[in-house]
Every structure is written in C-alpha cells, then in structure tokens.
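Please look first at the sequence and the three-dimensional picture below, and keep both at hand while reading. The report then goes through the sheet, the cysteines, a helix, the aromatic rings and the charged side chains.

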Amino acid sequence: MVQVVGIDFGTTNSLISVVTYDGRVYSFDDVGKPHPSVVRYETDQVICGRKAKEKLEKAGVGVLGNTVRGPKKLLKQTAINVDGRIVNPVDVVTDLVRYLKDEALNDENAEAADLTRAVVTIPVDMDGQGRVALREALLNAGIYVETFVHEPLAALYAYFKDLDDTEDAFRRFEGRMVLVFDWGGGTLDLTLCKVVNGALVQVQNKGNNTVGGDYLDEAIVSYVEKQHAKQHGWDEDNYLERNPDMKAKLLVACEKAKIDLSSKEKTNVFLPEYYQGDDEESEIDVWLTRTEIEQVCFRLIQKGIREIEMLLSPEQADIDPQTIALCLATGGMVSMPTIKRQLSEIFGVAALHISKKGDRIISEGAARIAADKLDVTLAKPFELLEARNSVVTMLRQGTALPKRGFSIQQEQSMYCTDPRDGTALMTFKRPTMIDKSGASDARTNYGNVSVPINPHFPPLSERIVVNVRIDDNLIAHVSAIGSDEGEEVKAQFYELEFALKATKGPTHSKKKTEQLDASTTTGAGTVALANVSRSEHRWELVPGELIKEHNDKNPYLKKNYTEQQRIELLRYQPCSRCGAKWKKNCCT
C-alpha cells in the first residue's frame with residue numbers, strides 16, 4: 001500500500017519523505033541533503049534547488065535579481081518583481097513544489113509514495129493567508145494537503161518514533177515538559193510541549209525569523225573579504241572588482257567552512273580569481289578558526305539563545321529550565337559548538353539531544369504522522385469570555401481538528417448585559433497552560449470582536465449568535481451577529497496550538513472541572529444563558545420567537561406563551577404602525 005508523504009517545505013531547504021513498505025523512512029533528497037528552497041528564472045527556463053542556489057551572490061530570503069530564495073516567506077504578498085517580471089508568489093512556490101515532486105517521481109522508491117497527498121509542516125508563526133496560499137500552490141503542483149502540522153511538533157514525533165520502544169518512552173515522559181529548539185537557515189522556532197496521556201501537547205510557541213543561519217553565512221562572507229583586504233593592505237577606496245558569480249561561490253565556501261568548524265578548530269577558504277586581476281591579490285586565501293567564527297556570529301547567536309530565556313520566563317511559560325526533561329535541538333545551526341555548549345549549560349547534558357537528523361527530522365516526522373494516520377487535535381480549549389471574567393468553552397481541548405475538505409463548528413447564544421453603547425464586546429481566549437482552565441487561571445488572548453446591537457433594548461434581551469468554525473487550514477473563523485441589528489462581524493485567528501495523540505496513554509480519573517454559574521453574572525460585557533433543559537417538556541425555557549416559529553409550522557401542536565416569551569417575541573416584531581424595529585418612542 002502506497003503511503004501519504006510528509007513534506008517539510010522550509011524557508012531555506014525543503015524535503016519530501018515517506019514511510020516505506022518495511023516501516024523505514026525514506027527521503028527524496030539531493031545527494032544526501034535537502035533541496036534548497038531556491039527558484040531561478042532564466043528567460044524561459046525555471047531552475048530550482050541546488051543549481052539555482054549555486055548562482056546566488058548573497059544570503060537572505062526574498063527576491064535576489066532573477067532568483068527567489070525562501071518563497072514561502074513571500075506568500076503574504078500578491079505579487080513580486082523578479083528581474084522585471086511581475087510574478088505571483090504562489091506560482092513560484094508551485095514551481096518549487098513541482099520540482100520536488102518530479103525529483104521524487106524519478107527516484108527508485110517512488111512506488112512506495114502517494115505523491116498526490118501529503119501531511120505538510122508549517123512554522124509556528126505562519127498566518128492564515130500563508131496557509132491558504134501554500135495549500136493553493138501545492139494543489140497547483142498536483143498535491144493535496146491532508147493536514148498541516150507545526151514543524152517542531154513533527155520533529156518531536158519523529159524523535160519518539162526513532163526510539164527502540166516508542167510507547168515505553170511516552171510512559172517515561174508522561175507529565176513532563178519537553179522543548180523543541182529548531183534553528184535552521186531561515187527561522188528559529190521554539191515549541192514547549194508536555195506529554196499528557198500519550199499525547200504530545202503544545203504548551204507555548206515562539207518564533208523568530210531574524211536569526212536564521214543565512215544571516216550568519218552573510219556575516220562570515222563579509223568577514224572573509226575584510227580579512228583578505230587586511231592581508232593586502234587595502235582600504236575602502238582600492239578594493240578590486242569581483243569577477244561575475246564569484247560572491248555566490250564564496251557564500252557556498254563560507255557555509256561549508258561554518259560546517260567544517262563544527263568538528264575542526266581551523267579551516268581554509270580558498271577561491272582563485274575572486275577579484276579581477278592576475279596576481280595573488282585576486283584570489284581569496286583566508287584561514288578561519290572556530291574562535292573567530294564564534295566572535296563574528298556572537299551577537300546573532302546570543303539573540304537566538306535569549307529566545308529560550310523569554311519563552312521560559314515568568315512573563316510567559318514560567319518554567320525552570322532544569323525541569324525540562326528533554327531539549328530536542330534540530331536544524332543546521334545547532335551543530336555549532338558554541339550553541340551546543342550554551343544549550344548544555346541551560347538544560348544539562350542529560351536533557352539535551354542534538355538530532356543527527358537535523359536537516360530531515362521534520363520531514364520524517366510529517367511522514368510518520370501520515371503513515372500512523374494521527375489526528376491533529378486542539379491543545380487547549382477555545383474560549384469566549386463572559387462578563388465578570390467567567391468563560392464559555394466553545395471547543396474543548398482534545399477536539400480533533402479537520403482534515404482536507406472538512407471543518408468543525410460550534411454555535412453559542414449570548415445576551416448583552418450592557419447595551420447602552422450599542423456594542424457587545426466578544427473576547428476569545430485560551431488558557432496559557434494546559435489543564436489550567438479554571439476561572440482564575442492565566443489566559444492568552446486570540447482577539448476581540450465588537451458586535452453592533454440595539455442600544456434601546458433592555459439588558460440581557462438582544463440575543464447575539466456566535467459561531468466558531470475551524471477549517472482544514474486550521475484557522476479559526478469567528479462570526480457574531482445581533483438578532484435585532486442583524487450586522488454580522490467576522491474575525492480570523494490562526495494561533496491555535498496543536499496536540500498529537502500518539503499512544504493510548506495511561507488511564508487517569510477525570511478531573512473535576514470548575515462550574516461557572518452564568519445566571520449570576522452581571523456587569524458590562526456579555527453573558528451566556530443556558531439553552532438546554534433536563535426535561536423535554538420545559539417549553540417555558542424556549543425563546544419566544546422560536547415558540548412562534550414552532551406554532552406557525554405546527555398549528556395543531558401549538559404551545560401557549562408565558563409572559564416572558566410573549567414580551568420576548570414582541571421585541572423582535574416590527575412596530576405595527578411604522579414598521580420600525582425596536583426603538584425608543586418610534587411612533588412619536
């Protein structure tokens with residue numbers, strides 16, 4: 001049986017992996033390395049991957065002449081200028097994905113992979129627009145996205161699957177915190193997770209796209225050129241001109257030197273005919289030491305390390321680093337000795353694991369998730385804040401998130417407690433920590449929605465219908481509408497945190513949850529009134545206009561109105577004289 005593939009579509013590198021018939025993970029790579037995420041346009045030719053990267057003269061992400069590096073970062077834009085051509089970034093991503101797919105189809109292991117369907121990884125900070133555009137690009141290349149999953153979460157699942165006994169490992173880590181530290185060429189992603197009942201549950205995420213390894217490569221190039229100038233006594237006014245395409249070659253050489261210095265104390269960067277001329281001054285011949293490189297990159301590395309301190313600080317997760325049971329370090333940057341050393345100092349040697357699959361563990365994790373048919377679930381409840389800081393859970397923790405072509409939704413009726421300013425403020429939140437959903441526990445905001453309502457209605461009278469829908473891009477779409485004003489307001493939130501139910505996990509007794517009595521809640525804001533009854537005969541609890549709808553449809557089964565239902569019905573009827581909705585003194 002062919003397997004759905006996993007795709008790590010990265011800013012710097014990309015890779016497709018699949019679980020083969022014998023249970024191994026196979027990656028469709030380029031001579032043992034992932035394919036560079038680079039697309040070059042030469043007249044009518046589209047060149048992708050390593051061949052395109054080898055012609056780049058500078059590091060970084062974006063449009064570099066006729067070349068696009070890291071097109072995933074450009075998906076927020078509707079158009080980019082590539083050497084005078086106006087191009088849609090979706091089309092650039094499509095060209096790169098089509099190249100990855102074609103390379104995989106030409107591989108001898110292609111028969112094990114269903115290259116039309118994929119679990120695709122995304123950075124923790126990828127917004128909704130980027131996800132929609134990425135799905136479109138993959139579809140244009142003939143690949144359906146079955147589900148998205150955060151890159152660090154995929155890496156962590158791959159780590160557990162590579163252990164001799166995965167289920168035993170989950171039991172040993174039960175209830176403990178783990179941190180995934182993914183530092184690649186384009187971004188640094190941090191995900192703090194907890195193992196709960198055999199599931200990997202995201203606690204908090206943090207991302208930084210200004211400290212990637214590409215910036216280090218550029219800094220090393222600049223340092224090498226300055227060292228060459230110093231050797232020959234040049235100043236700023238007598239630099240020689242570079243030969244065409246030579247800076248691209250120096251960039252590759254410096255990237256290789258950075259990798260070599262992970263295992264060596266000293267290495268040489270040599271490029272003949274770098275500058276125009278025939279003597280020694282035209283060739284780059286510079287020796288680099290590990291200490292020099294660490295000094296060149298010091299500020300950038302420290303900026304990345306501080307991201308850990310900020311994530312674990314009292315203002316965010318409030319976690320002691322020594323309580324982290326595992327720090328899984330992935331990505332090309334973590335092979336640098338200075339980064340290894342600082343991670344060891346923070347978490348201890350026993351907790352730190354530097355992945356030997358740093359450039360492919362995310363892709364392998366996505367392939368494992370696809371092969372094991374895991375559901376991505378909601379790590380924390382999606383909540384709506386009521387007046388006096390009580391909350392209504394719209395979607396529960398552990399809710400299975402939708403796969404391709406599906407969505408889930410939940411509706412809730414609310415009543416405005418203070419209609420005088422003509423708006424009801426809806427605030428959507430999630431607990432800051434998992435299993436901490438009591439009324440007094442800390443919460444993180446998704447955002448607010450301000451719903452127009454009739455200011456002449458009495459308190460707790462105008463019904464506001466709130467709907468939360470999560471689509472297959474794992475974006476929460478919120479809509480709210482006041483029953484009298486009828487003006488719908490919408491918002492989108494993409495900062496959902498995910499969980500993977502990896503094993504059955506231990507059985508625990510259910511915790512008692514705090515019960516919130518909404519009927520006693522007062523004050524400015526909104527309040528939820530229960531719309532369920534323990535008895536099917538309690539018609540006095542049904543809203544007045546719904547009684548009318550029932551009576552109109554069932555003339556022989558009519559129900560009598562209570563005084564409250566009669567008044568409630570009248571509120572939603574137009575004035576019999578002027579036809580206006582509820583207004584103060586409408587006919588005077």
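## Strands and the sheet

Two strands are said to pair if DSSP finds at least two bridges between them. The strands themselves are DSSP runs of E with at least two residues, while helices are runs of H or I with at least four residues, and both are numbered from the N terminus. The model is predicted, so local features need pLDDT of at least 70 and side-chain atom pairs count only at pLDDT 80 or more, whereas totals for chains, interfaces and linings use all residues. Residues are numbered from 1 along each chain as its sequence is written, and side-chain values use heavy atoms, with hydrogens and water left out.

Strand β18, which covers residues 324-330, pairs with β19 in the parallel sense over three bridges. Within this pairing, C327 stands opposite L352 of β19. Both strands belong to an open sheet of seven strands, whose order is β19-β18-β13-β14-β15-β29-β20 and whose pairing is mixed. At its edges lie β19 (352-354) and β20 (376-378), each of which pairs on one side only. From one strand to the next, the twist averages 25 degrees, where the axes are lines fitted to C-alpha atoms (for helices over the stretch in contact) and angles run from 0 to 180 degrees between N-to-C directions.

## Cysteines without a bond

A disulfide is a covalent bond between the sulfur atoms of two cysteines. Here a disulfide is counted when a pair of cysteine sulfur atoms lies within 2.5 Å, and the structure holds zero of them. Why does C327 form no such bond? The closest cysteine sulfur, in C193, is 12 Å from the sulfur of C327, which is too far for a bond.

C327 is also buried, with a relative accessible area of 0%; the word buried means under 20% relative accessible area, exposed means over 50%, and partly exposed lies in between (1.4 Å probe, protein chains only). Another cysteine, C416, is likewise buried, with a relative accessible area of 3%.

## An enclosed helix

Helix α11 spans residues 361-371, and because eleven of its eleven residues are buried, the helix is largely enclosed by the rest of the structure. Among these buried residues are I361, E364, R368 and A371. After α11 comes K373, whose phi is positive, near 55 degrees.

E364 takes part in a salt bridge with K357, in which the closest N and O atoms are 3.0 Å apart; a salt bridge is a side-chain nitrogen of Lys or Arg within 4 Å of a carboxyl oxygen of Asp or Glu. The two partners differ in accessibility, since K357 counts as partly exposed at 28%, whereas E364 counts as buried at 5%.

## Aromatic rings

Rings of Phe, Tyr and Trp (its six-membered ring) pair if their centres lie within 6.5 Å, and planes under 30 degrees apart count as stacked, over 60 as edge-to-face and the rest as tilted. The structure holds eleven aromatic pairs. One of them joins Y159 and F160 edge-to-face, with 5.5 Å from centre to centre and 80 degrees between the planes. Y159 and F160 are both buried, and ring pairs link them with F170 and F173 into a cluster.

Another pair, F428 and F493, is tilted, with 6.0 Å from centre to centre and 45 degrees between the planes. This pair links distant parts of the chain, for F428 lies in strand β24 (residues 423-431) and F493 in strand β28 (residues 488-493), 65 residues apart. Both of these rings belong to buried residues.

## Charged side chains

Side chains of opposite charge can pair when their charged atoms come close. By the rule given above, the count comes to 38 salt bridges. In one of them, D114 meets R117 at 3.5 Å, N to O; D114 counts as buried at 15% relative accessibility, and R117 as partly exposed at 32%. D114 and R117 are also linked with E146 and R404 in a network of salt bridges.

In helix α5 (residues 166-173), R171 and E167 are separated by about one helical turn, because they are four residues apart. Their salt bridge has its closest N and O atoms 4.0 Å apart. R171 is exposed, with a relative accessible area of 51%, while E167 counts as partly exposed at 47%.
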